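Walk through this fold strand by strand, then move to its core, its pocket and two sites away from them. Keep the coordinates open as you read.

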Amino acid sequence: MWSIEDAAATLARLANAADITFVGRDEAERIWGTVTPAEIRAFLPDCALLVVKDGDIGATAFDGDAEPVFVAAPVVDVVEPVGAGDAFASGFLAATLEGHSLAERLLAGHIAAERVLTIAADMPPID
């Protein structure tokens, strides 16, 4: 494994160069010492689209120089948290491909994460 310093520098370089970066606020605090979504954006100013997930609080998206967009997370009775971050990303990306607004994409991410959070299985049932 690598040191937190090496990991922090490498991950910052990659995240800052990406077209879209998803980062958990808690993860960013642990590795980069950034506490708020605004601090994370200041730390990664060149990432074209930065999505900061903040657990059961919500998610904030920074798209270029536009004003950030925040969408609160729905209240969920969590059964199993594993996979919620990946589900959020998949919902957000699917809504991006469909051409939805930034707020709608964040909401789609939350809805996908909610489905995963409320089941104990690896996959939600197909409707």
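In S4, Val-71 is the bridge partner of Ala-59. The model is a predicted one. S4 covers residues 69-72 and runs antiparallel to S3, with four bridges joining the two strands. Together S3 and S4 make a hairpin, and five residues sit between them. Look at Gly-64 in that turn: its phi is positive, about 60°.

S3 has another partner. S2 and S3 also pair in the antiparallel sense, over six bridges. Asp-54 stands opposite Gly-58 of S3. The hairpin of S2 and S3 has three residues between its strands. There, Gly-55 takes a positive phi near 50°.

Is S3 mostly covered or mostly open? It is mostly covered, with five of its six residues buried.

Next comes the packing. In soluble globular proteins, nonpolar side chains tend to be buried together. Here the largest nonpolar core holds 13 residues. Leu-49, Val-51, Ala-61, Phe-88, Phe-92, Leu-102 and Leu-106 have the most contacts inside it. Which elements give two or more residues to this core? They are strands S2 (49-54) and S3 (58-63), and helices H4 (84-97) and H5 (102-117). H5 gives the most, with four residues.

Ala-61 is a useful place to stop. Setting aside residues up to four places away in sequence, Ala-61 touches Leu-49, Leu-50 and Val-51. Ala-61 also touches Pro-68 and Val-69, as well as Leu-102 and Leu-106. Apart from the largest core lies another one, of 12 residues. Among its members are Ala-8, Ala-12, Leu-50 and Val-52.

Now turn to the empty space. Rolling a probe the size of a water molecule over the atoms shows where such space is left. The largest pocket contains about 500 Å³ of it. Its lining is made of 23 residues. Which of them lie nearest the centre? They are Asp-54, Gly-55, Asp-56, Ala-84 and Leu-117. Gly-55 is also the residue with the positive phi in the hairpin of S2 and S3.

Helix H2 (25-32), S2, S3, H4 and H5 each give two or more residues to this lining. The largest share comes from H5, with four residues. H5 likewise gives the most to the largest core. By character, the lining of the pocket divides into 11 nonpolar, five polar and seven charged residues.

Two further sites complete the tour. Glu-39 lies in helix H3, residues 37-43. Is Glu-39 buried, exposed or partly exposed? Its relative accessible area is 37%, so Glu-39 counts as partly exposed. Beyond its neighbours within four places in sequence, Glu-39 is in contact with Gly-33 and Thr-34. Glu-39 and Val-78 are 39 residues apart in sequence, and their C-alpha atoms are 29 Å apart in space.

The other site is Ala-18, in the loop between helix H1 (4-17) and strand S1 (20-24). Buried means under 20% relative accessible area. Ala-18 has 22%, so this residue is partly exposed. Leaving aside neighbours within four places in sequence, Ala-18 is in contact with Cys-47 and Ala-48. Leu-107 is 89 residues from Ala-18 along the chain, and 22 Å separates their C-alpha atoms.

Terms used:
Residues are numbered from 1 along each chain as its sequence is written. This is a predicted model: local features need pLDDT of at least 70, side-chain atom pairs count only at pLDDT 80 or more; totals for chains, interfaces and linings use all residues. Side-chain values use heavy atoms; hydrogens and water are left out. A nonpolar core is a set of buried Ala, Val, Leu, Ile, Met, Phe, Trp, Tyr and Cys residues joined through side-chain atoms within 4.5 Å. Buried means under 20% relative accessible area, exposed over 50%, partly exposed in between (1.4 Å probe, protein chains only). Contact means heavy atoms within 4.5 Å. Two strands pair if DSSP finds at least two bridges between them. On a 1 Å grid over the protein atoms alone, a cavity is a set of points where a 1.4 Å probe fits but cannot get out, and a pocket is an open set with protein on both sides within 12 Å along at least five of seven lines; lining residues have an atom within 4 Å of a point. Grid points are joined across faces, edges and corners, and a volume is the space filled by probe spheres set on the points. Ala, Val, Leu, Ile, Met, Phe, Trp, Tyr, Cys and Pro count as nonpolar, Asp, Glu, Lys and Arg as charged, and the others, Gly among them, as polar.
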